[in-house]
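Open the model in your viewer, switch on side chains as sticks, and keep the selection box handy. We will go from stop to stop, choosing a few residues each time and looking at what surrounds them.

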Amino acid sequence: MTVAVTGASGQLGRLTVEALLRTGATPVVAIARDAGKLADLAARGAQVREASYDDPAALDRALAGVDRVLLVSGNEFGKRVAQHTNVIRAAERAGVELLAYTSIPQATRNPLILAQEHAGTEAVLAESTVPHVLLRNGWYWENYLGGLGHAVETGVLNGAAGEGRVAAAARADYAEAAAVVLGTDGHAGRVYELGGDERLTYAELAQVISTAAGKPVRYENLPEADYAAALEAAGLPGPYAAALADADAGIAAGILDVDSGDLQKLLGRASTPALEVIRAALA
């Protein structure tokens with residue numbers, strides 16, 4: 001059985017390839033638009049193939065002989081449904097026996113800006129002929145590392161999540177779960193709502209940051225529009241800042257408070273604590 005991972009030069013894709021290689025149980029194909037970025041994975045035994053989500057012919061070559069594939073969602077907002085559809089069609093042509101897709105919690109009824117292209121991709125999968133499984137990944141604790149330095153320096157973690165809870169986990173946890181799904185049987189047709197053990201409010205997350213940094217950090221809640229403006233002022237593009245602020249509003253509404261236990265069942269263990277991820281980032 002040959003297993004492939006798309007987007008293998010990205011953070012989640014690379015971690016999934018590494019998790020698969022650690023098992024040594026099956027040939028692993030690492031696919032990226034720039035194969036040169038995968039030299040280290042090739043040295044560790046992965047088969048490296050080059051393909052862009054925009055290139056159906058290259059995707060056909062990349063998926064030749066592949067039995068199972070992880071479609072890691074792309075990062076070109078506004079283009080993702082079309083790009084993901086290219087991968088799905090290539091998987092159909094290749095006769096792939098299972099396609100796993102990294103989606104978002106409650107994708108079909110999730111109102112977040114970031115959820116819309118995931119819902120569109122799930123709709124394409126629902127009508128496709130390729131057997132598939134949905135990995136609806138919750139938030140990563142790493143999502144908060146970009147603003148970590150500012151929070152520690154100023155003593156303030158800003159956001160617009162109110163008292164909502166976010167059930168995040170380490171990116172490596174989601175990668176390991178994907179590797180389990182790709183490497184074991186019985187997952188076709190399943191929908192996994194994936195979230196971490198810790199379901200923290202931002203005030204509680206600020207306390208975790210405070211513990212890791214060894215200095216006081218408190219949470220300051222902002223209106224969604226004000227938080228988007230602050231993110232844009234910090235250098236984020238306007239649409240992306242708006243999407244992140246919208247995600248915080250979703251956290252306030254409970255959209256990312258995942259308590260299914262699916263991640264823990266796949267891993268056979270608890271998820272990585274936020275403190276461990278943040279301490280590592282500050283080390």
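**Stop 1: Thr6**

Select Thr6 and Tyr53: their side chains are joined by a polar contact of 2.7 Å. (A polar contact is a pair of N or O atoms within 3.5 Å; within protein, one must be able to donate a hydrogen and the other to accept it, and residues adjacent in sequence count only if both atoms are side-chain atoms.) Before going further, note that this is a predicted model, in which local features need pLDDT of at least 70 and side-chain atom pairs count only at pLDDT 80 or more, while totals for chains, interfaces and linings use all residues. Residues are numbered from 1 along each chain as its sequence is written, and side-chain values use heavy atoms, with hydrogens and water left out.

Thr6 sits in the loop between strand 1 (3-5) and helix 1 (11-23). Helices (H or I, at least four residues) and strands (E, at least two) are DSSP runs, numbered from the N terminus. Is Thr6 buried or exposed? With a relative accessibility of 1%, Thr6 counts as buried; buried means under 20% relative accessible area, exposed over 50%, and partly exposed in between (1.4 Å probe, protein chains only). Now show the contacts of Thr6, leaving aside neighbours within four places in sequence: among them are Gly13, Ile31, Val69, Leu71 and Val87. Contact here means heavy atoms within 4.5 Å.

**Stop 2: salt bridges**

The structure holds 16 salt bridges, each being a side-chain nitrogen of Lys or Arg within 4 Å of a carboxyl oxygen of Asp or Glu. Start with Glu18 and Arg44, whose side chains meet at 3.5 Å, N to O. Glu18 belongs to helix 1 and Arg44 to the loop between helix 2 (39-43) and strand 3 (47-50), so you are looking at a link between distant parts of the chain, 26 residues apart. Glu18 is buried, at 16% relative accessible area, whereas Arg44 is partly exposed, at 44%.

Next, select Arg136, Glu122 and Glu193. Arg136 forms a salt bridge with Glu122, with the closest N and O atoms 2.7 Å apart. Arg136 is in strand 6 and Glu122 in helix 5 (residues 116-126), so this pair ties together parts that are 14 residues apart in sequence. Arg136 also meets Glu193 in a salt bridge of 2.7 Å, N to O. Glu193 lies in strand 8 (residues 191-194), so that pair ties strand 6 to a part 57 residues away in sequence. Colour by accessibility: Arg136 is buried at 8%, Glu122 at 6% and Glu193 at 17%.

**Stop 3: aromatic rings**

A search of the whole structure finds five aromatic pairs. Rings of Phe, Tyr and Trp (its six-membered ring) pair if their centres lie within 6.5 Å; planes under 30 degrees apart count as stacked, over 60 as edge-to-face and the rest as tilted. Select Tyr140 and Tyr174, a tilted pair at 5.3 Å centre to centre with 50° between the planes. Tyr140 lies in the loop between strand 6 (132-137) and helix 6, and Tyr174 in helix 7 (residues 171-183), so the pair ties together parts 34 residues apart in sequence. Both Tyr140 and Tyr174 are buried. Then add Trp141, Tyr144, Tyr202 and Tyr219, which form one aromatic cluster.

**Stop 4: helix 8**

Tyr202 is also one of the buried residues of helix 8, together with Leu205, Ala206, Val208, Ile209, Ser210 and Ala212. Select residues 202-213 to see the whole of helix 8. What covers its buried residues includes helix 6 (148-154), strand 7 (156-159), strand 9 (218-221), helix 10 (238-252) and helix 12 (274-282). Just after helix 8 comes Gly214, whose phi is positive, near 75°.

**Stop 5: Asp248**

Move to Asp248, in helix 10. Which side chain of opposite charge is nearest to Asp248? Arg218 is, at 14 Å, and the buried Asp248 has no salt bridge. (Lys and Arg count as positive and Asp and Glu as negative; His and the chain ends are not counted.) The side chain of Asp248 does reach the backbone nitrogen of Ala160, at 2.8 Å.

**Last stop: Lys265**

Finish at Lys265, in helix 11 (residues 262-267). Lys265 is exposed, with a relative accessible area of 65%.

Conventions:
The expected span of a helix is 1.5 Å times one less than its number of residues.
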